[in-house]
Amino acid sequence: MKTDDWSVMPTYGHEVKFGVFLTPTPDRVLALAQLADAEGLDLVTMQDHPYHPAFLDAWTLAGVIAARTERVHVSLNVANLPLRPPAVLAKSVATLDLLSGGRAELGLGAGAMPDGVAMLGGPRRSPGEAVAALEEAIELIRALWTPGPPVTFEGEHYRLEGAPPGPIPPHRPQIWVGALKPRMLRLVGRLGDGWWPSESYVPPERLAEGNKIIDEAALEAGRSPQDVRRLYNVGRHQGSAREWAERLAELNLTYGMATFVLADDDPRAIQLFAAEVAPAVRELIESERGAPAGEPDAPAVHESTTISTPAPGVRHSGERAWDESTRPTAPVPAGARALTHQEQAAGQHLIDVHDHLRSELEQVRDLIEQVVASRLSAGDARAAINRMTMRQNDWTLGAYCSAYCRVVTTHHTLEDQSLFPRLRRAEPGLTPVLTRLEEEHHVIHGILERVDQALVATVESPGGLDLLRAEVDLLTDALLSHLSYEERELVEPLSRVGF
């Protein structure tokens with residue numbers, strides 16, 4: 001059955017996923033998280049109730065779980081916003097995403113227990129204030145995850161005064177909102193990446209009502225209902241594994257629930273859920289839809305709209321970092337298909353990160369040229385850098401260039417250690433391309449060392465500026481060429497595979 005009436009059959013086009021919802025107590029939570037990872041589940045989550053004396057701090061625990069697992073994504077279920085300032089929360093999620101290789105997500109709530117929040121000194125907000133604060137927080141967090149200029153934000157509950165974005169998470173963490181009432185549901189439709197209720201608060205017979213409010217709000221905001229994943233915290237079913245699977249498949253087919261998170265600390269239940277229930281749910285959905293589970297219906301499929309950035313035609317340096325004619329090109333894999341908007345977001349995120357690097361490089365080049373031409377004194381250069389970055393009040397030209405070099409190095413290290421192995425496993429035909437990109441990373445790192453040496457020479461003698469400009473010219477040619485090649489070869493595979 002195919003329909004545009006989301007209230008009749010909200011398929012939404014999301015791949016079905018499975019996770020666990022663990023109690024953050026020290027006795028066995030790490031072992032259960034590792035069990036979920038080993039059993040092939042997709043997501044490990046934990047409660048965030050800082051006022052509960054027996055519970056571990058959820059974000060500290062999330063970091064340890066990410067370090068002790070290999071493939072599961074990690075999220076709070078859901079983060080207690082009144083006790084976690086959103087600017088710090090944005091940095092916490094981005095840090096976890098960077099260190100885990102793109103495995104952090106953000107479940108977010110307005111704060112369901114005001115007495116507990118107030119007990120720890122947090123704000124006691126009315127329901128209306130809580131929703132307004134959550135809306136401000138989502139906007140602020142996303143701004144701090146997006147490469148670009150410093151962020152100034154003036155809200156009723158939160159504010160920023162020229163805060164630089166960063167660190168930039170390597171994948172776009174999803175913001176999944178725990179919501180029960182209509183105003184919160186409308187917020188999910190306008191802004192959220194997912195709706196995350198619990199079965200104990202929103203039983204199945206209320207899911208259609210919640211979906212309708214979210215879908216209408218999404219359409220009014222110019223979004224698609226498909227932009228909102230439907231997650232569901234569920235308890236253990238008392239019948240057989242097959243009956244349990246049939247129940248979850250029906251929730252997917254009838255209400256579009258696409259991520260099922262088991263709230264149970266029994267390792268036997270987790271193993272059963274992963275080994276028998278999850279595969280049966282996927283099989284039932286595939287059989288019912290007549291297509292692989294998670295393949296979106298036709299309206300969700302589009303030709304790719306991500307456009308790679310070509311390398312500039314003008315060279316700055318007479319030196320060449322490598323022979324571009326020897327670069328391999330990956331074959332198009334068999335069975336390649338059109339991509340959904342959600343899938344394309346992974347490739348677009350790579351372009352966004354690269355655009356940030358390009359923008360930073362242009363700032364470095366412009367600053368150096370002004371100093372070389374004696375149009376800018378050292379003090380004026382410092383002031384200009386502060387206006388561009390707002391990173392430190394006492395940065396020098398050399399400190400800014402060095403910091404930029406570290407950004408590039410971190411970006412490349414993340415690709416080499418996490419992203420490229422994943423792509424190799426998913427699409428072996430990419431191996432020659434990935435090997436070449438890694439080789440170019442080493443060359444670029446060598447050029448960055450030369451830039452560092454030129455910076456040292458500039459500090460010791462003003463005559464070193466000519467050498468610095470020459471090295472930055474070579475870096476410009478190499479980096480812009482490399483980023484263009486990487487986008488040309490990886491944007492589409494990334495969209496197929498994801499981060």
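**Exercise 1. Confidence**

How many contacts beyond four places in sequence does the model have for residues 291-304, over which pLDDT stays under 50?

*Solution.* This is a predicted model, in which local features need pLDDT of at least 70 and side-chain atom pairs count only at pLDDT 80 or more, while totals for chains, interfaces and linings use all residues. Residues are numbered from 1 along each chain as its sequence is written, and side-chain values use heavy atoms, with hydrogens and water left out.

Step one is the stretch itself: for residues 291-304 the model has 31 contacts beyond four places in sequence, a contact being heavy atoms within 4.5 Å, and pLDDT (the predictor's confidence in each residue, from 0 to 100) remains under 50 there. A further stretch, residues 377-404, also has a pLDDT below 50, and in the model it has 48 contacts beyond near neighbours in sequence. Where pLDDT is low, the predicted coordinates should not be read in detail. Step two is the chain average, which is a pLDDT of 83, with 81% of the residues scoring at least 70.

**Exercise 2. The chain overall**

Determine how many helices and strands the chain has, and what share of its residues counts as buried.

*Solution.* Taking helices as DSSP runs of H or I with at least four residues and strands as runs of E with at least two, numbered from the N terminus, one arrives at 14 helices and 13 strands. Of the 499 residues, 51% count as buried, where buried is under 20% relative accessible area, exposed is over 50% and partly exposed lies in between (1.4 Å probe, protein chains only). Finally, among the contacts in the chain with a separation of 6 or more, 77% come from residues 24 or more positions apart.

**Exercise 3. Three helix pairs**

Classify the packing of α2 with α3, of α6 with α7 and of α8 with α9.

*Solution.* Axes are lines fitted to C-alpha atoms, for helices over the stretch in contact, with angles from 0 to 180 degrees between N-to-C directions; under 35 degrees counts as roughly parallel, over 145 as roughly antiparallel, 65 to 115 as roughly perpendicular and the rest as oblique.

- First pair: α2 (residues 58-68) and α3 (residues 86-100) pack at about 10° with their axes 10 Å apart, and therefore α2 is roughly parallel to α3. The contact is made by W59, A62, G63 and A66 of α2 with L89, S92, V93, L96 and S100 of α3. By class this contact has six nonpolar, three polar and no charged residues, with Ala, Val, Leu, Ile, Met, Phe, Trp, Tyr, Cys and Pro taken as nonpolar, Asp, Glu, Lys and Arg as charged, and the others, Gly among them, as polar.
- Second pair: the axes of α6 and α7 come within 7 Å and cross at roughly 45°, so α6 is oblique to α7. P182, L185, R186, V188, G189 and R190 of α6 meet G210, I213, I214, A217 and A218 of α7, a set with seven nonpolar, two polar and two charged residues.
- Third pair: α8 (residues 241-255) and α9 (residues 267-289) have axes that come within 8 Å and cross at roughly 50°, which means that α8 is oblique to α9. Residues in this contact include W244, L248 and L253 in α8 as well as F273, V277 and I285 in α9, and the contact divides into 14 nonpolar, one polar and six charged residues.

**Exercise 4. Surroundings of α6**

Find which residues of α6 are buried, and which elements these residues pack against.

*Solution.* In α6 (residues 182-191) the buried positions are M184, L185, L187, V188 and G189. Their packing partners are α5 (127-144), β8, β9 (194-195) and α7 (207-220).

**Exercise 5. A31 and A330**

Is A31 buried or partly exposed, and is A330 buried or exposed?

*Solution.* A31 belongs to α1 (residues 29-38) and, because its relative accessibility is 47%, counts as partly exposed. A31 and P267, although 236 residues apart in sequence, have C-alpha atoms 9.0 Å apart.

A330 lies in the loop between β12 (301-302) and β13 (339-340) and, because its relative accessibility is 18%, counts as buried. Beyond its neighbours within four places in sequence, A330 is in contact with G429, L430, V433 and E489; the C-alpha atoms of A330 and G429 are 6.0 Å apart, across 99 residues of sequence.

**Exercise 6. Cis peptide bonds**

Locate the cis peptide bond that joins N77 and V78 and the one that joins G166 and P167.

*Solution.* The bond between N77 and V78 has an omega of about 0°, and V78 is in the loop between β3 (73-76) and β4 (79-80). For G166 and P167 omega is likewise about 0°, with P167 in the loop between β7 (159-163) and β8 (175-177).
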